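Work through the exercises below with the structure open beside you. Try each task before you read its solution.

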Amino acid sequence: MVVGEFTTEVDVLVIGAGPGGYVAAIRAAQLGKTVAVVEKAELGGVCLNVGCIPSKAMIHAAHTYEHTQHTESMGITMENVKVDFAKVQEWKSGIVKQLTGGVGSLFKGNKIQVIPGEALFVSENEVRVFHGYDVNRYRFQHCIIATGSRPIELPAFPFGKRVMSSTEALSLTELPKSLVVIGGGYIGIELGTVFAKFGTKVTILEGSDQILPGFEPDMPRLVERKLKKLDVTIHTKALAQGMEETENGVIVTAEVKGEQQKIEAEYVLVTVGRRPNTDELGIRDIGMNVTDRGLIVVDKQGRTSIPNVYAIGDIVAGPALAHKASYEGKVAAEAIAGHSAEVDYKAIPAVVFCDPEIASVGINEKEAKEKGIDYIVGRFPFAANGRALSVNAGEGYVKLIAEKETNLVLGAQIVGPEASNIIAEIGLAIEMGATLEDIELTIHAHPTLGEVTMEAAELALGRPIHVMK
């Protein structure tokens, strides 16, 4: 034992204060537990500090700047519109500070103790927390691990001066003149779009045959068209092989469709996925089941192979999404409190804040076919929606998928304005077991973008109003 080390008792110890951990902690406290949270960095985790929130702030700023350059058709002319990138960063940081401060206030209000440092399991109900030269022990009845994930580093592109992860890209103090993005998934496309709109020359290298490979091909096609308007170069079936640093940047070597290319840029942004933060917790030493990928094996309540220890978020199977982590956090906290809660993943929305936005929930057509489901589809274009045209955003569509015999809503894919918000209605419809008729007969305000879901339901039922069958 380290000199001065002492042990504190707590009902529930949460490791990690990201969107999974802090939500779990609050719910556990609401349910009458004494709760302490171990966090090695800032409250809010990746999401609030270097992920979802700062990136969406940057996306909004870039989107606003771009709009100022395309208002002539509405009779508005703007001159000398400039970007002060340092001010953009300052504004973004203010939002982050406000939100992380809000988490701190919620912790205080719920009497949750914050323990700065890194946790290491020493037994099934005890951890040591290291903070500088201080080491303390915490004994718990239950523990929730919510340590999240970190960007994957490619051996040929080690993070450093010219090679960035999303964290460093969101903290740049000056706009890069040129940028190579390795990875055309949602992080690469979102950040690539931000910098392209601010004037950076962007090249995207994606290994598969389309950007945003998790979505149906029609959806990324619209995004790709917009990226090309922004002068972004997109290489699919591209393998980044290595790089050479120069005085003012890098030269990236890549194999593109079988041919070798060299691409010069000021910076490289690597966005090829994320790795679960489970390797430094000591959980294997206490016998916890962990997969080869470092994911912790859990049941439907988030319980690990050690019955009093739970795991949630990016460190368990499923998409690495903040809202999934928060949902799992509430389930785990309620399970610890003796409730019969368990996860149900049939309606996890996925959103990419690209241009136009992309969102999906439930199953898509490919998955319906694989499951042998007899289904019907209603696909309604934003070009036939009055509100979309009035805000100069008539590109894209909403597609509803429903079971043919019962008209039960099974899923939706949306590409277009406010897809991130519109998808919530379909998520609720799936959760509630709603049918196409339920959506059709729900009065939607006019003129709104949300009318597209009603129109898509009518189309699927064979009685559209604003398009021909």
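**Exercise 1. Classify the pair formed by Phe 121 and Phe 140, and say whether these residues are buried or exposed.**

Solution. The model is a predicted one. Start with burial: Phe 121 and Phe 140 are both buried. Next, take the geometry. Two aromatic rings are described by the distance of their centres and the angle of their planes. For Phe 121 and Phe 140 the centres are 6.2 Å apart and the planes stand at 85°, so the pair is edge-to-face. The cut-off behind that step is an angle over 60 degrees. Last, place the residues. Phe 121 belongs to strand β4 (residues 118-123) and Phe 140 to strand β6 (residues 134-145), so the pair ties together parts 19 residues apart in sequence.

**Exercise 2. Find how Tyr 65 and Phe 198 are arranged, and which parts of the chain they link.**

Solution. Begin with the count: the model has five aromatic pairs. Tyr 65 and Phe 198 make one tilted pair, with 6.0 Å from centre to centre and 35° between the planes. Now locate the partners. Tyr 65 sits in helix α3 (residues 52-68) and Phe 198 in helix α6, 133 residues apart, so this pair links distant parts of the chain. Then check burial against the cut-off of under 20%. Tyr 65 has a relative accessibility of 18% and counts as buried. Phe 198, at 8%, also counts as buried. Finally, widen the view: Tyr 65, Phe 85, Phe 195 and Phe 198 form one aromatic cluster.

**Exercise 3. Describe the two faces of strand β15 and name strands that pair with β15.**

Solution. Strand β15 covers residues 267-270. Take one side: Tyr 267 and Leu 269 are buried there. Take the other: Val 268 and Val 270 are buried too. Both faces are therefore covered. Now turn to the pairing. Strand β8 (residues 163-164) runs parallel to β15 and is joined to β15 by two bridges. Within that pairing, Val 163 has Val 268 as its bridge partner. β9 also pairs with β15 in the parallel sense, over four bridges. Here Leu 179 stands opposite Tyr 267.

**Exercise 4. Which charged residues lie over the rings of Tyr 267 and Tyr 397?**

Solution. Look at Tyr 267 first. Arg 162 lies over its face, 5.1 Å from the ring centre. Move on to Tyr 397. The charged end of Arg 379 sits over that ring, 3.6 Å from its centre.

**Exercise 5. Locate the annotated binding site, then compare the surroundings of Gly 184 and Gly 185.**

Solution. Read the record first. An unreviewed UniProt entry places a "binding site" at Gly 183, Gly 184, Gly 185, Tyr 186, Ile 187, Gly 188, Ile 189, Glu 190, Glu 206 and Gly 273. These positions span 91 residues in sequence, yet no two of their C-alpha atoms are more than 13.8 Å apart, so they gather at one spot. Now pick out Gly 184. It is in the loop between β9 (178-182) and α6 (186-198). Gly 184 is buried, with a relative accessible area of 0%. Beyond its neighbours within four places in sequence, Gly 184 has contacts that include Ile 204, Glu 206 and Pro 213. Then take Gly 185, found in the loop between β9 and α6. Gly 185 is partly exposed, at 21% relative accessible area. Leaving out residues up to four places away in sequence, Gly 185 touches Glu 206 and Leu 212.

Notes
Residues numbered from 1 in each chain as written. Predicted model: local features only at pLDDT ≥ 70, side-chain atom pairs only at ≥ 80, totals over all residues. Heavy atoms only, no water. UniProt positions renumbered as here; feature names shortened; annotations may be inferred. Buried < 20%, exposed > 50% of the residue type's maximum accessible area, 1.4 Å probe, protein only. Contact = heavy atoms within 4.5 Å. Pairing = 2+ DSSP bridges. Phe/Tyr/Trp six-rings, centres within 6.5 Å; stacked < 30°, edge-to-face > 60°. Lys NZ or Arg CZ within 6 Å of the ring centre and 35° of its normal.
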